[in-house]
Amino acid sequence: MSTSETAFRLAARLDRVGFSDIVNIRNRVMELRARGQTVYQFEGGEPFTNTPEHIKEAMMRALREDRTRYAPSSGIQELRAAIAEKVREQNHINASEQDVIVMSGGMQGLFAAFQSVVNAEDEVLVFSPYWTPVKDLVAHCRATPILVSTETARSEGFMETLSRSTTEATRAIYYNTPQNPTGTVFTRKEAEAVARFARDNDLIVIADEAYEDIVFDGEHVSIASLEGMFERTITCYTFSKSYSMTGWRLGYAIAPEPWMTGLKKMTLYSTNGVSTPGQWAALAAMATPADFFEKLRAEYLQRRDLMLSGLNEIGLKCESPAGAFYAFPDATSISTDSRTASEILLERAQVATVPGIVFGIHGEGHLRFSFSTSIETIEAGLDSLRRKL
Ligand SMILES: Cc1ncc(COP(=O)(O)O)c(C=O)c1O
């Protein structure tokens, strides 16, 4: 038997697909902790609360009742019906049950969406800074992400800014609101401008609404709810952030045909559906009373305001994030290279952040701080920055 370089080579479609830089930061944090140092961790991307009891209880009940067999790979009918009702009422998206598919988290929904829409050599418009995995999801289609500065779009106009980046090869727009890492919440007017642009240029929108329930200022507008947008939008949701279920790997996508056929094929031949008892737990999550989110938002708001005033006071100038749970201050007073700035904060003050460059060129000069942690950690981290920076 002989091995050759041509045989022992990963499939070419993975060539431009990378690994997350955030993993490297986590490794550094673990290293420091292993040396016995306290690290104030703001680099994460998880809700600070645990999964609510009624959801865990529903999971255990499903197990006790042996609801553990194969389910339809698009999801159990009860859950899909509840999701359709939720998106009609809450998101004003005119979806019915057949436009719903249950997914293994937001990530699988996005993966399937890009795979269903984007061809090799296509271009995808991505508002930037952007959630890092998106460039890899586009790369896996052997397509190219074209970064569009959110800041420029906001100051110079969405139509003009998007037009400058659009070519014959443009196929889709990735539209994330509230945004990770900046916490930007696109306004209704901005959503309408993007929608008009998509319609005028016959583009498909892949909408990522992972943080839809964590909005402090303004309103969450689902772009698929706007006129003429349902048919050209795949919207991806997740239970991860809303219900503190990051490890459950539960989410869903909303789209009519022909996109739903693509989403179904991608699911059928990858995971063949989401764990059946998990789906019964998801159904319980859908029945969570609305005041749960009011309380949750109040908790996040308290943390946001504490983090924001502390960072600004220290000289890390930061705009107020309207949604999600990240602050994204300018860190050029520490270093114009965000990796260096992040390293300095970690070494000197034991404060872990994510360098802005990880979120693309428009994120350079910034650091991402998650304020989804305890008040005590935020206070202690800020105090450490005040004393040691
Ligand atoms: C903007 C955004 N979209 C989607 C996701 C996917 O979340 P999950 O795969 O955990 O459901 C995340 C998670 O961090 C996110 O930040």
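**View 1. Strand β5 and its parallel partners.** Let's start in this predicted model with strand β3 (residues 123–128), which runs parallel to β5 and is joined to β5 by 4 bridges. One pair to look for is Glu 123, which stands opposite Thr 170 in β5. Strand β5 itself covers residues 170–176 and is mostly covered, with 6 of its 7 residues buried. Strand β6 (residues 204–208) also runs parallel to β5, and here 5 bridges join the two. Look for Asn 176 in this pairing: Asp 208 in β6 is the residue opposite. To travel from β5 to β6, follow helix α8 (residues 188–200), since β5, α8 and β6 make a right-handed β-α-β unit.

**View 2. The surroundings of the ligand.** Here we turn to the ligand, which has 13 residues around it. Gly 105, Gly 106, Met 107, Thr 238 and Ser 240 are the ones that come nearest. Which helix gives the most to this shell? Helix α4, spanning residues 105–117, does, with 3 residues. Sorted by class, the shell holds 9 polar residues, 3 nonpolar residues and 1 charged residue.

**View 3. Helix α11, a mostly covered helix.** Helix α11 runs over residues 276–286, and 9 of its 11 residues are buried. Among the buried ones you will find Pro 277, Gly 278, Gln 279 and Trp 280, and further along the helix the list includes Ala 281, Ala 282, Leu 283, Ala 284 and Ala 285. What do these buried residues pack against? Their partners are α2 (53–64), α3 (77–89), β2 (100–103) and α9 (239–242).

**View 4. A closer look at Leu 283.** Staying with helix α11, we can zoom in on Leu 283, one of its residues. Why does Leu 283 count as buried? Leu 283 is buried because 20 other C-beta atoms lie within 10 Å, and 20 or more is the cut-off for a buried residue. Leaving aside residues up to four places away in sequence, Leu 283 touches Ala 58, Glu 78, Leu 79 and Ala 82. Try finding Met 59 as well: Met 59 and Leu 283 are 224 residues apart in sequence, yet 9.8 Å apart in space, C-alpha to C-alpha.

**View 5. Where the two domains meet.** Stepping back, the domain assignment of the protein chain gives domain 1, made of 12–50 + 291–388, and domain 2, made of 69–286. Their centres, taken over C-alpha atoms, are separated by 25 Å. At the meeting place, 30 residues of domain 1 are in contact with 29 residues of domain 2. Helix α12 (residues 291–314) supplies the largest share of the side of domain 1 that touches domain 2, with 5 residues. By class, that side of domain 1 has 14 nonpolar, 9 polar and 7 charged residues.

**View 6. A three-stranded antiparallel sheet.** In this last view, 3 strands form an open sheet with antiparallel pairing, in the order β9-β12-β11. Which strands lie at the edges? They are β9 (326–327) and β11 (354–355), each pairing on one side only. Strand β12 covers residues 367–370, and 2 bridges link β12 to β11 in the antiparallel sense. To spot this pairing, look for Pro 355, which stands opposite Leu 367 in β12.

Technical notes: Residues are numbered from 1 along each chain as its sequence is written. This is a predicted model: local features need pLDDT of at least 70, side-chain atom pairs count only at pLDDT 80 or more; totals for chains, interfaces and linings use all residues. A residue is near a molecule or strand if its C-beta atom, placed from the backbone, lies within 6 Å of it. Ala, Val, Leu, Ile, Met, Phe, Trp, Tyr, Cys and Pro count as nonpolar, Asp, Glu, Lys and Arg as charged, and the others, Gly among them, as polar. A residue is buried if 20 or more other C-beta atoms lie within 10 Å of its own, exposed if 12 or fewer, and partly exposed in between; C-beta atoms are placed from the backbone. Two residues are in contact if their C-beta atoms, placed from the backbone, lie within 7 Å. Domain bounds come from an automatic or database domain assignment. Two strands pair if DSSP finds at least two bridges between them. A crossover is right-handed if, with the strands pointing away from the viewer, the path from the first strand over the helix to the second runs clockwise.
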